[in-house]
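The following note was prepared for a colleague who wishes to go through the structure point by point. It should be read with the sequence and the coordinates at hand.

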Amino acid sequence: MWFYDMTADGFSLDDKRTFIDGKGDIPDIIEKFQKRYENDFTDRTAKCFFVSADEIRENNYDLSISKYKEIKYEEVEYEPLDKLYQRWQTDEQAIRTKMESLKQNFSGLFESQK
């Protein structure tokens, strides 16, 4: 069985279903479907791929693409919390210093607005 992960049909995905282009993935689906036996559609992380009938039977004929599609996740490393907190404190202090400088340089403006 050939699967295609259609994510756009040419209309917005909200409840208004506003016209975008009226096509979305449909031209690509048609093109890939027509060439489905000419190309290698074994990569389960791709937009479209084949799944064997045996595998579908093993999954009780579940045709949900999420059952067969593989998703690759990239590991993200974040800055250690103590370093992040320290950087935020430094940034906050720099902002306070700049605000105080602005207040001193434009004190006349602040006085006239009272």
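The points below take up salt bridges, aromatic pairs, a buried serine, backbone angles and a surface patch.

1. Status of the model. The structure under review is a predicted model. Each remark below should be read with that in mind.

2. Salt bridges in general. Side chains of opposite charge can pair when their charged atoms come close. The structure holds eight salt bridges. Three of these are taken up in the next points, including the pair formed by D28 and K32.

3. D28 and K32. The side chains of these two residues meet in a salt bridge, with an N to O distance of 2.9 Å. Both D28 and K32 belong to helix 1, and they are four residues apart, about one turn of the helix. D28 has a relative accessibility of 24% and is therefore classed as partly exposed. K32, at 25%, likewise counts as partly exposed, since the partly exposed class begins where the buried class, under 20%, ends.

4. R44 and E55. A salt bridge joins R44 to E55, and the closest N and O atoms are 2.6 Å apart. Which parts of the chain does the pair tie together? R44 is in the loop between helix 1 and strand 2 (48–50), whereas E55 is in helix 2 (residues 53–58), so the pair links parts that are 11 residues apart in sequence. The two partners fall in separate accessibility classes: R44 is buried, with a relative accessible area of 16%, while E55 is partly exposed, with a relative accessible area of 21%. The reader should note that the cut-off for buried is under 20%.

5. R87 and E79. Here too a salt bridge is formed, with the closest N and O atoms 2.8 Å apart. R87 is partly exposed at 38% relative accessibility, and E79 is partly exposed with a relative accessible area of 37%.

6. Aromatic pairs. The count of aromatic pairs comes to eight. One of them is formed by W2 and Y4: the ring centres are 6.0 Å apart and the planes stand at 40°, so this pair is tilted. W2 and Y4 are both buried. Another pair is that of F3 and F49, whose ring centres are 5.9 Å apart and whose planes stand at 20°, so this pair is stacked. Because F3 lies in strand 1 and F49 in strand 2, the F3 and F49 pair ties together parts that are 46 residues apart in sequence. F3 is buried, with a relative accessible area of 7%, and F49 is buried as well, at 0% relative accessibility.

7. Aromatic cluster. W2 and Y4 also appear in one aromatic cluster, together with F33, Y37, F41 and F50. The cluster should be viewed alongside the tilted pair of W2 and Y4 described in the preceding point.

8. The surroundings of S12. Is S12 buried or exposed? S12 counts as buried because its relative accessibility is 15%, which is under the 20% cut-off. S12 is placed in the loop between strand 1 (2–4) and helix 1 (26–34). A polar atom of the S12 side chain lies 2.7 Å from the backbone nitrogen of T18. With neighbours within four places in sequence left aside, S12 is in contact with R17, T18 and I20. T18 thus appears both in the list of contacts and as the residue whose backbone nitrogen faces this polar atom at 2.7 Å.

9. Positive phi at N60 and Y61. Most residues other than glycine have a negative phi, and most peptide bonds are trans. N60, which is not a glycine, has a positive phi of about 55°. Y61, also a residue other than glycine, has a positive phi near 60°. N60 is placed in the loop between helix 2 and helix 3, and Y61 is found in the loop between helix 2 and helix 3. N60 is exposed, with a relative accessible area of 69%, and Y61 counts as exposed at 56% relative accessibility.

10. Nonpolar surface patch. I95, M99, L102 and F106 form a nonpolar patch on the surface, and together they have about 410 Å² of accessible area. Of its members, M99 is found in helix 3 (residues 81–105). M99 counts as exposed, at 53% relative accessibility.

How values were computed. Residues numbered from 1 in each chain as written. Predicted model: local features only at pLDDT ≥ 70, side-chain atom pairs only at ≥ 80, totals over all residues. Heavy atoms only, no water. Helix = DSSP H or I, 4+ residues; strand = E, 2+ residues; numbered from the N terminus. Buried < 20%, exposed > 50% of the residue type's maximum accessible area, 1.4 Å probe, protein only. Polar contact = N/O pair within 3.5 Å; in protein donor to acceptor, adjacent residues only side chain to side chain. Contact = heavy atoms within 4.5 Å. Salt bridge = Lys/Arg side-chain N within 4 Å of Asp/Glu carboxyl O. Patch = residues over 30% accessible without salt bridge, like charges linked within 9 Å, V, L, I, M, F, W, Y side chains within 5 Å. Areas by Shrake-Rupley, 256 points an atom, 1.4 Å probe, with all protein chains shown as cover. Phe/Tyr/Trp six-rings, centres within 6.5 Å; stacked < 30°, edge-to-face > 60°.
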